[in-house]
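Q: I'm new to reading protein models. Could you walk me through how the strands and helices are arranged here?

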Amino acid sequence: MISKNQTLGEFIIENQASFRYSSGELSRLINSIRLAAKVVNHEVNKAGLVDIIGNIGETNIQGESQQKLDVYANDKFIQTLINRNIICGIASEEEDNFIAINSQDENHQNKYVVLIDPLDGSSNIDVNVSVGTIFSVYRRITELGTPVTQEDFLQKGNQQVAAGYVIYGTSTMLVYTTGDGVNGFTLNPAIGSYYLSHPNMQFPEDGQIYSVNEGNYIHFPQGVKNYIKYCQKEEGNRPYTSRYIGSLVSDFHRNMIKGGIYLYPGNSKNPNGKLRLLYECNPMAFLAEQANGKASDGFTRILDIKPTELHQRVPFFCGSKNMVEKAEEFMKH
Ligand code: P6P
């Protein structure tokens, strides 16, 4: 049962029974993400005031310079998830390898693993553009009572039991699914509570916004070039509008509300593109499909791709169903 403006806590309790694994652990997991998001939000919102902007002089496994807030958000989410003793393992975009949780889960009885991009779009922090946290939850597939292995983190996206994002924008929102639709909660910072502001979010089947970094145009596959020219052609309800924030969570969120497509194609420099299958594409694809949208690598459904390594990248086409299918048509020729 969904009633607008109920708090996130009320929503979780009321809908726990509808979740087929409803043992309460997943609810506690979502609650711990809710808490960590509030803490990170507090720091993100004052980033300009204190010395937590700017690189710490290190780079992560992606070869990207780590901003202090990246590291802060990573540490805060990992610490919160471990302390609540709910999960048996974590993999983070900011960490070279997965973390098997032995300290709190010494008997390895917890059954969920979490994959997280703690602060996506962090290069936008020092120019005050919105950023986000992306998370994904799976049930472990290795034997209870044993430490998690890499196999638990390399599951297909269609095995996710929950996924969502926090967007630290003009307002802070938590948007997530447990496989029964997508709901958006807005944080009231004055009292630290999230309220159901966007029940049952759905991608319009069509849209007029395309989001792609056209600076890479000359390196795109011909199918992507042809699709972009299609978007720009004066015909019917086109030309579309080009909107690209450079923060996946923000572009995805706007496109889900207004209708649109986000593309991060492979190119001649990086055949698999830039986005990470485990930490960005799988959770956003689960959300997209739960919101009547679509997500593929231009040919194959994202959620059906079998991961082979923790930090692998895939091309990403995601958004309004009819727009993604039109882009896929161009990719076939
Ligand atoms: P580019 C941020 O680093 C990110 O992973 C996404 O959030 C964003 O959409 C994309 O990369 C931006 O990449 O190459 O266009 O700057």
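Q: How many strands form the open sheet, and in what order?

A: Strands of a sheet pair through backbone hydrogen bonds, in a parallel or an antiparallel way. In this predicted model, eight strands make up an open sheet, and going across it you meet them as 4-3-5-6-7-8-9-10, with mixed pairing.

Q: Which strands stand at the edges?

A: Look for strands with a single partner. Those are strand 4 (99–100) and strand 10 (193–198), so each has one side without a neighbour in the sheet.

Q: How does strand 4 run relative to strand 3, parallel or antiparallel?

A: Strand 3 (residues 87–92) and strand 4 run antiparallel, joined by two bridges. To find the spot, look for Ile-90, which sits opposite Ile-99 of strand 4.

Q: Which strands does helix 3 lie across?

A: Helix 3 lies across strands 3, 4, 5 (112–120), 6 (131–139) and 7 (162–168), and runs at about 160 degrees to strand 5. Helix 1 (residues 8–16), for its part, lies across strand 8 (172–177), strand 9 (182–188) and strand 10, at about 10 degrees to strand 8.

Q: At what angle do helix 2 and helix 3 pack?

A: Compare the directions of their axes. Helix 2 (residues 25–45) packs against helix 3 (residues 68–83) at about 155 degrees, and the axes are 9 Å apart. An angle over 145 counts as roughly antiparallel, so that is what these two helices are. Their contact includes Leu-29 and Ile-33 of helix 2, along with Tyr-72 and Phe-77 of helix 3. By class, that contact has 13 nonpolar, two polar and two charged residues.

How values were computed
Residues are numbered from 1 along each chain as its sequence is written. This is a predicted model: local features need pLDDT of at least 70, side-chain atom pairs count only at pLDDT 80 or more; totals for chains, interfaces and linings use all residues. Side-chain values use heavy atoms; hydrogens and water are left out. Axes are lines fitted to C-alpha atoms, for helices over the stretch in contact, and angles run from 0 to 180 degrees between N-to-C directions. Helices (H or I, at least four residues) and strands (E, at least two) are DSSP runs, numbered from the N terminus. Angles under 35 degrees count as roughly parallel, over 145 as roughly antiparallel, 65 to 115 as roughly perpendicular and the rest as oblique. Contact means heavy atoms within 4.5 Å. Ala, Val, Leu, Ile, Met, Phe, Trp, Tyr, Cys and Pro count as nonpolar, Asp, Glu, Lys and Arg as charged, and the others, Gly among them, as polar. Two strands pair if DSSP finds at least two bridges between them.
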